[in-house]
Every structure is written in structure tokens, then in C-alpha cells.
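Let's take a walk through this one together, starting with how some helices pack and ending at the surface. Have a look at the model first.

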Amino acid sequence: MKKILGVALGVLTAIGGFVDMGDLVANADTGARFDMNLAWVVVVGVVGICVYAEMSGRVAALCGRPVFDLVRERLGPRFGLANLLASFFINFLTLTAEIAGVALSISLVASVDYILLIPLVAILVWLVCWRMPFETMERIFGLLGLCLLVFAVTVWKIGPDWNELLGDVAHPHVPHTESVYSYAYFAIALFGAAMTPYEVFFFSSGAVEDGWTEKDLTENRINVLVGFPLGALLSLAIMACAHLVLAPRNIEVDQLSQVMLPVASVVGRLGLALVIIGVFAATFGAALETALSAGYVVAQYLGWPWGKYHSPRHATRFHVVVALAIAGALLFGLTGVDPVKVTEYSIVLSAGALPLTYFPILVIANDARYVGQEHTNGRWLNVLASIYLVILLAVSAATIPLMIITKGGS
Amino acid sequence: MAGGRVLHATLDLLDRQLRDRRFRLCGNVDDLELQRDPDGRVWLTAILCGPGILAYRMGRRRLGLWLEEANRRLHDTPEHHEPYERTRIPIELARQIGPAIELAVDADDLASHDMERWTFEHIIRHIPGNAARGSSNTTPR
């Protein structure tokens with residue numbers, strides 16, 4: 001049991017990255033519009049996040065330095081500050097969307113307008129950040145998020161033609177109803193969701209919170225290799241559900257309730273209950289991940305004490321930043337802004353800032369003074385990581401033009 | 001001053017995390033103080049750290065001075081008897097230089113910690129539950 005709970009950090013991080021509020025809808029929308037022709041992007045993305053999350057966790061375990069420490073040390077204060085502002089802004093947008101997402105998932109059961117639930121959700125998120133031990137938090141929300149596996153069960157129960165399904169994955173093409181640009185735009189959105197920067201902020205800070213040392217390097221690897229592929233699997237299952245159930249009926253997805261439709265129609269009541277719990281846990285987990293990351297990045301850039309392993313009185317400014325981020329997201333959420341649109345934009349924007357976060361990780365993971373000679377990257381890992389750095393640069397250059405050309409993927 | 005260690009200032013020192021004698025995080029290396037000896041060699045004499053210093057280093061001199069002054073006024077710093085100023089840490093007090101720099105000083109004596117204390121006194125202290133540890137099994141590193 002302890003072994004299973006040991007991967008909670010990886011699972012929570014990955015769920016928050018792959019199937020948070022915006023991604024739930026984006027995945028289903030992709031499946032309904034492009035069938036499985038974009039599934040390969042999720043596969044490419046999950047390898048990338050595994051490569052970099054493993055490095056960030058290893059560095060954190062060996063020298064106790066989380067990602068945003070490295071960002072300032074290796075990029076210098078100026079680029080570090082640019083990254084800080086971009087990351088904080090993206091984090092804030094995502095947090096807004098997640099809080100609204102939690103409210104939406106509760107409103108499906110409580111039949112109260114979700115706007116009215118936003119303040120309650122914001123207070124709950126703050127309370128968990130303020131009081132709940134990190135370990136308890138990652139276990140509760142990581143494990144409850146696994147209820148989303150009901151999407152995989154749904155695909156299996158539908159019993160699709162696996163050859164056809166996997167054929168689309170292996171031989172993707174642009175459907176004739178869509179333009180090349182919108183195909184590329186959705187590809188970037190999926191890739192950005194897989195590699196959102198707050199995943200490594202949260203994962204590496206969580207490694208410090210959980211007190212990882214050299215002894216925990218295997219645990220780091222297991223967390224990465226179980227957590228992120230699981231997140232990708234959920235993401236693909238949601239896509240496949242939409243492709244199999246929604247696409248034939250010409251349903252375009254732009255709401256959370258439509259995402260759950262295939263599960264409800266195929267698995268029935270129990271399925272619907274599970275999926276609502278799963279969505280609640282995933283969005284709540286992502287809200288915690290982004291709220292805490294807001295505190296992590298600011299505190300680590302400025303050298304303040306941070307983290308839940310201290311009591312709030314020993315990380316005072318950190319807790320103030322977290323609380324302010326939540327309060328800001330609450331106010332922004334109350335304006336009734338569409339949470340789906342907000343995350344979609346934030347994911348695409350974050351794709352533009354990716355290289356600034358991942359480059360320092362790669363440099364430090366090769367620095368023996370940080371990780372010790374025997375734990376620096378091997379040659380093949382460096383080759384793979386460098387290839388991904390090139391992809392990240394290309395993606396970040398293409399992001400803004402594509403956003404303009406496709407008018408946000410519409 | 002013979003036998004100094006050779007360090008690459010930008011790579012090994014600038015922007016590193018500082019930790020005090022009780023391993024508390026207490027700011028970053030915002031800037032360095034260098035002195036030239038009669039032979040023309042340059043020695044590192046102190047680590048500079050605290051409000052305004054980073055802004056000053058980044059070329060925002062007026063902002064830097066303003067931040068430093070604001071911090072001083074806000075905290076009404078009493079006369080202290082430490083062998084260092086509140087933003088200047090002599091390099092002799094750096095016990096270990098690695099991925100983080102360990103100092104033989106107390107965070108409470110550094111200007112970089114003033115806001116942390118102010119935030120406690122004015123905000124955190126008034127919220128219930130501020131003393132509860134978030135986790136049981138971790139020692140700060």
C-alpha cells in the first residue's frame with residue numbers, strides 16, 4: 001500500500017497537467033473534431049514531460065533546489081524575471097479556470113448556479129493550502145482523480161474497432177473538414193497541456209516538500225513513469241470517447257457536461273457518479289497545483305522561505321502570495337469568464353514560455369556540482385532532451401502566429 | 001588574504017540561494033562586493049543581499065534605492081552589534097558554497113528577512129492555525 005501511495009505526487013502532478021478543467025474539454029473537443037488524428041501529439045508530449053520531470057525531480061532530490069531556483073541561477077535575474085511574470089500570469093489564468101471547474105462539477109450535483117459556488121470553492125482551496133499536510137493532499141486528490149479511469153472503461157465497453165482506432169494514431173491526417181492551421185493549433189494546445197511548466201514547478205517543489213534525498217531517486221523515476229503516462233492515458237481515453245460517441249452525432253464540445261456524456265450513456269449511473277468525482281478531484285487538484293505553484297515561483301525567485309513543510313508562520317510571504325493568487329482568481333472567476341476559453345488561452349500562451357523553464361533544468365541536470373558525477377544525465381538522455389528543446393523552441397515560435405491565424409482555434 | 005579559492009562569480013555565486021545558520025532560506029546572492037589589492041588582483045569580500053539590491057544590479061538604480069529606503073523606514077531597524085551590515089555579509093561568514101550557500105549568520109539579522117517578519121506580525125499572526133506544521137516527516141534542506 002505504501003508503494004502505491006508513494007506515486008501520489010506524480011499522479012497528482014500529471015492529472016493536474018493532462019486532465020484539468022481546460023484539458024478535459026480540449027481533449028473531448030479534439031476527439032470530436034479531429035477523431036484520433038491528434039493522439040500522437042499526446043504521446044510525443046508525455047515522453048517530453050517524463051524526460052524533464054525526471055531531471056527536475058532528480059535535481060531536487062540531490063541538492064534540494066527546485067526548478068525556479070535554477071531558472072534564476074542559470075538564466076540570470078532578467079530572463080528569470082520575464083519567465084516569472086509569464087509563468088505567474090499563466091498560473092493565475094489556470095487557477096481561475098480550475099476554481100470555476102470545481103464549482104461547475106459541484107453544480108452538476110447541487111443544481112446551484114456555479115458562479116454562486118465559486119467563493120466557497122476558493123475558500124476550500126485556500127484552506128487546503130493553509131492547513132492540510134502536503135502528503136495528505138497529494139494522496140487524496142491524486143487517488144480520487146483516478147476515478148477518471150472510467151473514461152478508459154467506457155472505451156473498452158464500447159468495444160471499438162481497435163485497428164481503425166490505432167490506425168488513426170499511427171497514420172494521422174488532417175480531416176477535410178478542418179484547415180491545416182487549426183490542426184496545428186490544436187496540436188500545440190495538446191503539446192502545451194502535456195508540458196505545462198507548472199507541472200515541473202509543482203513536481204520539483206513537491207519532491208522537496210516530501211523530503212526526497214538520494215535514496216528516493218528510484219521513487220522519483222517511478223513517480224514519473226507511472227504518473228505522467230497515466231495522465232496521458234486518461235487524456236487519450238477522453239479523446240477516444242468523444243471520437244466514438246460524440247463525433248458521429250456531430251456534437252461539438254464546449255462544456256464540461258458534454259465531456260461526461262459518453263460515460264453517462266455507456267456506463268450509466270455509476271459511471272456518471274465516478275466521472276463527476278473524478279472531475280471534481282482533477283480540477284481541485286489542479287487548483288491546488290497552480291495556487292501553490294504561484295507561491296513557489298515567486299518565493300524561489302526571491303529566495304524567501306517557502307513550502308508546506310514549514311508552518312505558515314515560517315513561510316509567511318509564501319502563504320500571502322498563495323492567498324492573494326486565490327483571491328485574485330476568485331474575483332476574476334466571479335466575472336463569469338468562460339473557464340474553458342481561459343485555460344485554452346493559458347495553455348497556448350504557456351507553450352510560448354516553455355523553453356525558458358526547460359533549458360535551465362537540462363543544464364543543471366548535467367552539472368556535477370549539483371547532482372554529483374554519477375547522477376548527471378547519460379548521453380542518450382541528453383540527446384532526447386536536446387531534441388525536445390528544439391521542439392519547444394519551434395512550438396514557442398509558432399504559438400502566437402497560429403493563435404492569430406486561427407482566431408483561437410475556432 | 002593568500003590562498004583564496006577561485007570561483008566563477010556569475011556561475012558559482014550570483015543568484016544562489018542563501019541559508020542561515022539554522023538552514024532557513026534567507027534570500028539570494030543579489031550582488032557581490034569586490035576589492036582590488038595593490039597587485040591588481042580582485043578579491044571577493046562580501047555577499048550583498050536584501051531589498052533593492054537586485055533592482056540596483058539590474059540597472060534600476062532609483063527603484064533600488066527607493067526599495068532599500070522603504071524597507072529601512074518600514075522596519076525602523078535598531079542599532080545592531082553584528083560584525084556585518086544588514087545587507088552586506090562578509091565572505092568569511094559563508095561556511096559552505098554549493099548549490100546553496102550556507103551562512104554563519106541568523107536570518108533575523110538580515111535585511112532580506114525584514115518583510116518576512118513584518119508579514120508575520122501584521123498578517124499571518126492573526127490567522128488561526130498559523131503554527132501548524134504542514135508535514136510531519138520533512139526536515140528543511
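In which hand of crossing, left or right, does α5(A) pass α15(A)? Keep in mind as you look that this is a predicted model. To get your bearings, pick out helix α5, residues 67-110 of chain A, and helix α15, residues 316-334 of that chain. Their axes come within 9 Å and cross at roughly 60 degrees. Angles from 65 to 115 degrees would count as roughly perpendicular and those under 35 as roughly parallel, so α5(A) ends up oblique to α15(A). As for the hand, α5(A) goes past α15(A) in a right-handed crossing.

Now swing over to another pair in chain A: helix α3 (residues 21-34) and helix α12 (residues 217-246). Here the axes sit 7 Å apart, and the packing angle is about 45 degrees. That angle makes α3(A) oblique to α12(A). The crossing of α3(A) past α12(A) is right-handed.

On to the surface. There's a nonpolar patch of about 540 Å², put together from A:Val43, A:Val47, A:Trp380, A:Val383, A:Leu384 and A:Ile387. Two elements of chain A give two or more residues each, namely α4 (39-63) and α18 (379-405). The top contributor is α18(A), with four residues.

Zoom in on one member, A:Val43, which you'll find in helix α4 of chain A. Is this valine buried, exposed or partly exposed? Its relative accessibility is 43%, so A:Val43 counts as partly exposed; the cut-offs are under 20% for buried and over 50% for exposed.

Notes
Residues are numbered from 1 along each chain as its sequence is written. Chains are lettered from A and ligands numbered from 1 in the order in which they are written. This is a predicted model: local features need pLDDT of at least 70, side-chain atom pairs count only at pLDDT 80 or more; totals for chains, interfaces and linings use all residues. Side-chain values use heavy atoms; hydrogens and water are left out. Patches are made of residues with over 30% relative accessible area and no salt bridge: like charges are joined within 9 Å, nonpolar side chains (Val, Leu, Ile, Met, Phe, Trp, Tyr) within 5 Å. Accessible areas come from the Shrake-Rupley method with a 1.4 Å probe; for residues, only the protein chains shown count as cover. A salt bridge is a side-chain nitrogen of Lys or Arg within 4 Å of a carboxyl oxygen of Asp or Glu. Buried means under 20% relative accessible area, exposed over 50%, partly exposed in between (1.4 Å probe, protein chains only). Axes are lines fitted to C-alpha atoms, for helices over the stretch in contact, and angles run from 0 to 180 degrees between N-to-C directions. Angles under 35 degrees count as roughly parallel, over 145 as roughly antiparallel, 65 to 115 as roughly perpendicular and the rest as oblique. A crossing is left-handed if the near helix is turned anticlockwise from the far one by less than a right angle, and right-handed if clockwise.
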